[in-house]
Amino acid sequence: MDKKRLRHFETNAIHEGVKDPAWKGATLPPIFQTAAHYHETADSLTQAFSGKSQDHIYMRLTNPTNRFLEHKLAALETGAGALATSSGMAAINDACMGLLRAGDEFIASRSLFMSSYTLFTTIFQKYAIHVQLIDPLNIEQIQQAITDKTRFIYLETITNPGMEIADIKTIAQLAHSRGLPLMIDNTLASPWLCRPIELGADIVIHSTTKYLSGHGGALGGIIVDAGTFDWSQNRFTDFAPFVEQKGRLAFLHKVYKEIHINFGTTAAPFHSYLTAIGLNTLGLRMERHMKNAIKVADFLKDHPKISRVNFPGFENHKSHQIAKAQFGQKGFGAMLTFGLKNQDACFRLINSLDMILNIANLGDCKTLIIHPYSSQYASFPEDLKNKLADPGLLRLSVGIEHHEDICSDLAQALESV
Ligand code: PLP
């Protein structure tokens, strides 16, 4: 019997892949801080270049520390393979570019992380690639957006900062019925809360900078390939050489060969090492993040100075039912947004906080707050800015401190509003 199959997620997050003889008994992956690897013979290097051996050549191509992280995250996301990248945006760019050609279309949620939104709606446009933005909760709209030119559907498990949760299983079925793969940015959920591949998704990406590393010390991204999509269908004739070489891992191989190594979106081994340390405590941290978020959301909801709280844990939230169905009893994510009267009130609150940090990040063990309108969305056109994050909106990434300390810091800061 395969012992590993009996293990729970939290256990695999710690033990998966750590008994590697090359580590010489170390329990954390050695940091292979070398730009290149020497080979004893010319033949050995030839074998590595031709893919006949798995030996390392040059850091932009592969690195043993990065390979460990790839192995571990493929296992935790129940995928068949993974590719580590320098950032979450590098993972999104690599994965999308591996699928897209000039003239292609793809479908994406209208409520996306700010840089993904910019990449999809303005940068890709320059290369004659068109994105169709849809409401992720409207299945009919997604269905109607599919054309002969569509190459994939892209969603975030929990949208940032919209807090919408799409029905991954239903959308995966729809995508497959039309011969399309489904790509999910699972950053805000983490594989502890949701494993999109188990729900039918074909590709999962993460900003590992967030919950996976967990301490705000490492930048990174990952692309996980489920290895289940049939790339030999008509829509993907350009995948033929990669299907021939790598079969079910054709997508990951195409992304690697065409985009990753040529654009140089390589992960830094030190950052992969830090992320690997973070993964050891992922289960424990996520459990606390989820519990704290519910407590903090309840506190904010009842506060007289707060006009609205957007948190899928509330029974009347439009994504509450699907969150329960997809995430079980585990929680509703650890990010929420809430509203004050105007920008001035938001600034007063931020400036009065004692412990909670004003930071452009999320998924850290520390509680973080940001005023998206004046920071991340500052350069967006006014009407779009207002749609995504109006001047009275604050985004809170709930950390793993004691929940009473998070609430009491918010309470004392709200006094100055
Ligand atoms: N995806 C989501 C949902 C994010 O929130 C972020 C960053 O905040 C990214 C992707 C991009 O990640 P990175 O900053 O690691 O490039």
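## Two sheets and a ligand shell

Let's start with one pair of residues: Leu357 sits opposite Leu368, which belongs to β11. Keep in mind that this is a predicted model. The strands behind that pair are β10 and β11 (residues 368-370), and they run in the parallel sense, joined over two bridges.

Now zoom out. β10 and β11 belong to an open sheet of five strands, ordered β8-β9-β12-β11-β10, and the pairing in it is mixed. Why do β8 and β10 each have one side without a neighbour in the sheet? β8 (308-310) and β10 (357-358) are the edge strands, and each has a single partner strand, so one side of each stays free of a neighbour in the sheet. There's a helix here too: α14 (residues 343-352) lies across β9 (335-339), β10, β11 and β12 (393-397), and it runs at about 30° to β12.

The other sheet is also open, with seven strands in the order β1-β7-β6-β5-β4-β2-β3 and, again, mixed pairing. Its edges are β1 (81-85) and β3 (130-134); each has a single partner strand, so one side of each has no neighbour in the sheet. From one strand to the next, the twist averages 20°.

Look at β5 (residues 182-185) and β6 (residues 203-207) in this sheet: they pair in the parallel sense over three bridges. Within that pair, Met183 faces Ile203 of β6. Two helices pack on the sheet. Helix α3 (residues 64-76) touches β1 and β7 (221-225), and its direction makes about 130° with that of β1. Helix α7 (residues 168-177) touches β4 (150-156) and β5, with its direction at about 150° to that of β5.

Next up is the ligand. Which residues come nearest to it? Of the 15 residues around the ligand, those are Met89, Asp185, Ser207, Thr209 and Lys210. Helix α4 (residues 88-99) gives the most to this shell, with three residues. Sorted by class, the shell has six nonpolar, seven polar and two charged residues.

Here are some side chains with a polar atom close to an oxygen atom of the ligand:

| Residue | Distance from polar side-chain atom to ligand oxygen |
|---|---|
| Asn160 | 2.9 Å |
| Thr209 | 2.7 Å |
| Lys210 | 2.9 Å |

How much of the ligand's accessible area does the protein cover? On its own the ligand has 390 Å² of accessible area, and the protein covers 90% of that.

How values were computed. Residues numbered from 1 in each chain as written. Predicted model: local features only at pLDDT ≥ 70, side-chain atom pairs only at ≥ 80, totals over all residues. Heavy atoms only, no water. Pairing = 2+ DSSP bridges. Helix = DSSP H or I, 4+ residues; strand = E, 2+ residues; numbered from the N terminus. Contact = heavy atoms within 4.5 Å. Axes fitted to C-alpha atoms, helices over the stretch in contact; angles between N-to-C directions. Near = heavy atom within 4 Å. Polar contact = N/O pair within 3.5 Å; in protein donor to acceptor, adjacent residues only side chain to side chain. Areas by Shrake-Rupley, 256 points an atom, 1.4 Å probe, with all protein chains shown as cover. Nonpolar A, V, L, I, M, F, W, Y, C, P; charged D, E, K, R; others polar.
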